[in-house]
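Biologist: Before I take this structure back to the bench, I would like to learn how to read its features one at a time. Could we begin with the backbone and then work inward?

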Amino acid sequence: MKKILTSLLQLFRISVPVLQPALIPARQSNRSAGTFRSNTPRFPVEHRPYRAQTVSPRGFIQSQPRNSNQVVNQGYLRVGLVGFHLNSFIIRACAQITDSALAKPIESLPALIKPTQSRDIAGGLKNALQMLTNAPKGRTAILILTSGQPTGNQMMLRDLVKTAAKWQTAIHPILLSDKEEEQNPASNLATQSFLGYGKYRCVATAQQLNQAVCSVFNSLTSNGGSINSIIVVVDCSAQMQEQFAGTTRLEMVAVALRRQISKQHQNPALAV
């Protein structure tokens, strides 16, 4: 039978190659790693098939990862707005000071006034601290603009001031009054005794208020390269709408805040 098969192969000239054991790729085992690795060379990564994608310029910019170093080097100031009367409420979440959306909440302040003499500064301070919990790394401050002394839970108010000091967040209370009141309870809100900064001021004119607000903002905008945050806490009780220094306290506050925003628009370098 074997001779017959050999004859047939020779007849049809079929050659059967003999495989040498040395030509068969050997599979080596890596027992220490528990895996197997072949000696067959892998396809180079740079030569793998690539499917081109068409992306619009806007989509390309949005898809790029943010350069955190660039953001920090540029720096800017974030501003949030809180109001209080019988209770407290958030008027505007933190936004970059050059954001035009900050102008509208400031214009809406007169509509938030309530006919009450209550001033829940403790609630406003609590809201401000909560807004700063997610603030980027940088300086933080709270600016309180009020027409009189705080009402409500005084013990909670003292605890909140201590919390702000622990967070190294400056509290700058500004009392709008035509009487020099160095011993007004609002002065106890300042963090200067804890931190060395966070000053109490009593102002009687629009010029004094503008200078005080400008000083607070400058203490944050002078730290170049940081993303700093400030929460402005505004009194919305009835006294803010009463006549004061030829205008109203609320109008004075609105003008002072608008000036700060306008200053940043005119000179963005101040925001770094």
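Biologist: Where does Ala245 lie?

Modeller: This is a predicted model, and in it Ala245 sits in the loop that joins strand S9 (243-244) to strand S10 (247-248). Its phi is positive, about 55 degrees, although Ala245 is not a glycine. With a relative accessibility of 53%, the residue counts as exposed.

Biologist: Which loop holds Gln168, and is Gln168 buried or exposed?

Modeller: Gln168 belongs to the loop between H6 and S6, and at 54% relative accessibility it counts as exposed. Here too phi is positive in a residue other than glycine, with a value near 60 degrees.

Biologist: Let me turn to aromatic rings. How many aromatic pairs does a search of the whole structure find?

Modeller: The general idea is that a pair of aromatic rings is described by the distance of the centres and the angle of the planes. In this case a search of the whole structure finds zero aromatic pairs. A ring can also be read against a charge, and Arg249 lies over the face of Phe244, at 4.1 Å from the ring centre.

Biologist: How should I read a polar residue such as Asn184, and is it buried or exposed?

Modeller: Asn184 has a relative accessible area of 5%, so it is buried, and its place is the loop between S6 and helix H7 (192-195). Its side chain reaches the backbone nitrogen of Ala186 at 2.8 Å. Not counting residues up to four places away in sequence, Asn184 touches Gln149, Leu175 and Tyr200.

Biologist: And what does Arg201 contact?

Modeller: Arg201 lies in strand S7 (residues 201-203) and is buried, since its relative accessible area is 17%, under the 20% cut-off. Leaving aside neighbours within four places in sequence, Arg201 is in contact with His172, Pro173, Ile174, Leu175, Ala212, Ser215 and Val216. Of these, Pro173 is 28 residues apart from Arg201 along the chain, yet their C-alpha atoms are separated by 6.5 Å.

Biologist: Now a whole helix: how many residues has helix H5, and how far does it reach from its first C-alpha to its last?

Modeller: Helix H5 (residues 121-132) has twelve residues and reaches 17 Å, close to the 16 Å expected at 1.5 Å a residue. Ten of its twelve residues are buried, so H5 is largely enclosed by the rest of the structure. Among the buried residues are Ile121, Leu125, Asn127 and Met131, and the buried residues of H5 pack against S3, S4, S5, helix H6 (154-166), S6 and S8.

Biologist: Finally, which residues touch the most other members of the largest nonpolar core?

Modeller: That core has 37 residues, and Leu145, Leu209 and Phe217 touch the most other members. Several elements each supply at least two residues of this core, including strand S3 (76-84), strand S5 (140-146), helix H8 (206-221) and helix H9 (249-266). The largest share, seven residues, comes from H9. Apart from this core lies another, of 21 residues, among them Phe84, Leu125, Ile144 and Val233.

Biologist: What is in contact with Leu145, leaving aside its neighbours within four places in sequence?

Modeller: The partners of Leu145 include Phe84, Ile174, Leu176, Leu209, Val213 and Val253, and Asp235 is also one of them.

Notes: Residues numbered from 1 in each chain as written. Predicted model: local features only at pLDDT ≥ 70, side-chain atom pairs only at ≥ 80, totals over all residues. Heavy atoms only, no water. Core = buried A, V, L, I, M, F, W, Y, C linked by side-chain atoms within 4.5 Å. Buried < 20%, exposed > 50% of the residue type's maximum accessible area, 1.4 Å probe, protein only. Helix = DSSP H or I, 4+ residues; strand = E, 2+ residues; numbered from the N terminus. Contact = heavy atoms within 4.5 Å. Expected span 1.5 Å × (residues − 1). Phe/Tyr/Trp six-rings, centres within 6.5 Å; stacked < 30°, edge-to-face > 60°. Lys NZ or Arg CZ within 6 Å of the ring centre and 35° of its normal. Polar contact = N/O pair within 3.5 Å; in protein donor to acceptor, adjacent residues only side chain to side chain.
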